[in-house]
Amino acid sequence: MYSILFWSLVVICITIVVLAKFNLIHKKYSYTALFIVSTLSFLLVWFNGFNFKLLGILAPTWNDIYDYSMITFLCCSIIWTLNRFWFKHKKNHNSTEVEIKKFLFYTIISVTVQEFLFRSFVYYSLIQMGMLNVYTMVILSFLLFGIAHLAFRGKIFKVGVFMMGIIWGVLYFYAPNLILISISHAVVGMFAYYQGL
């Protein structure tokens, strides 16, 4: 029963993104729909036997902090280098009230919801279905994460999203921590935004 509900939520999630990509629903409604899918995913986990450790909701170890910090620093360094010597996008320096609200929404709510849905929930669900290994975790995690971002424009952005989906999928498999991966996602995302990507 769990696997049927899990795969149903995956199909709903993909359908929402495809509808938004082809402008069959407005992007703002796709955000609402993805939050509903996240809520349903949380309820599925809750009624299946909520487990903080399996969801990566735990105090980070020093090794985890080091691993996540190094990956975050490496990704930001690559973004900076690519932008400086290849893409040469103009940096964003907007500090309007709207931009600040977007920043707060992104770093506090959106990133946490994305990481719960595309890493924590996937990891937990693969364990429940007896399918957890690094390959299924990374493939499913990066595909869902990448598909969720298809509605956004820019080939460079999409390639970056798929690459980060792979990196974060591997990292989460070996060191599942929802707090650290959310922080890493927020830092890399905001750095990429600041670089104009």
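Mentor: Before we start, helices here are DSSP runs of H or I with at least four residues, strands are runs of E with at least two, and both are numbered from the N terminus. Keep in mind that this is a predicted model.

Trainee: Got it. In what order do the elements of the protein chain run from the N terminus on?

Mentor: Start with the tally: the protein chain has seven helices and zero strands. Reading from the N terminus on, the order is therefore α-α-α-α-α-α-α, given how helices and strands are assigned.

Trainee: And what radius of gyration does the protein chain have?

Mentor: Take the box first: along the principal axes, the C-alpha atoms fill roughly 50 × 45 × 30 Å. For 197 residues the globule rule gives 16 Å, and the chain comes close to that, so it is as compact as a globular protein of that length. Its radius of gyration is 17 Å.

Trainee: Now contacts. Among those between residues at least 6 apart in sequence, what percentage join residues at least 24 apart?

Mentor: Tyrosine 172 and Leu55 give you an example, being in contact. Taking the protein chain as a whole, the share of these contacts that join residues at least 24 apart is 79%.

Trainee: Let's stay with tyrosine 172. Is it buried or exposed?

Mentor: Tyrosine 172 sits in helix 6, residues 155-174. Beyond its neighbours within four places in sequence, tyrosine 172 touches ten residues by name: Leu55, Gly56, Tyr68, Arg119, Ser120, Tyr123, Met137, Asn177, Leu178 and Ile181. Its relative accessible area is 0%, and the cut-off for burial is under 20%, so tyrosine 172 is buried.

Trainee: Arg119 is on that list. Which residue of helix 4 is in contact with Arg119, Phe145, His149 and His185?

Mentor: Helix 4 covers residues 97-128. The residue you want has a relative accessibility of 12% and counts as buried. Its C-alpha is 9.8 Å from that of leucine 144, 30 residues away in sequence. With those four contacts outside its neighbours within four places in sequence, it is glutamine 114.

Trainee: What about cysteines: how many disulfides are there?

Mentor: A disulfide is a covalent bond between the sulfur atoms of two cysteines. Here a pair of cysteine sulfur atoms has to be within 2.5 Å to count. For cysteine 76, the nearest cysteine sulfur is that of cysteine 75, 7.0 Å away, and cysteine 76 is in no disulfide. For the model, the count comes to zero.

Trainee: So is cysteine 76 buried or exposed?

Mentor: Cysteine 13 makes a handy warm-up, since at 5% relative accessibility cysteine 13 counts as buried. Cysteine 76 has 11%, under the 20% cut-off, so cysteine 76 is buried.

Trainee: Which residue that is not a glycine has a positive phi of about 55°?

Mentor: Look in the loop between helix 1 (2-21) and helix 2 (27-49). The residue there has a relative accessible area of 67%, over the 50% cut-off, so it is exposed. The one with that phi is asparagine 23.

Trainee: Last one: how far apart are the C-alpha atoms of isoleucine 139 and isoleucine 166?

Mentor: Isoleucine 139 belongs to helix 5, residues 134-148. At 45% relative accessible area, isoleucine 139 is partly exposed. In sequence, isoleucine 139 and isoleucine 166 are 27 residues apart, while in space their C-alpha separation is 7.4 Å.

Methods. Residues numbered from 1 in each chain as written. Predicted model: local features only at pLDDT ≥ 70, side-chain atom pairs only at ≥ 80, totals over all residues. Heavy atoms only, no water. Rg over C-alpha atoms; globule rule 2.2 N^0.38 Å. Contact = heavy atoms within 4.5 Å. Buried < 20%, exposed > 50% of the residue type's maximum accessible area, 1.4 Å probe, protein only.
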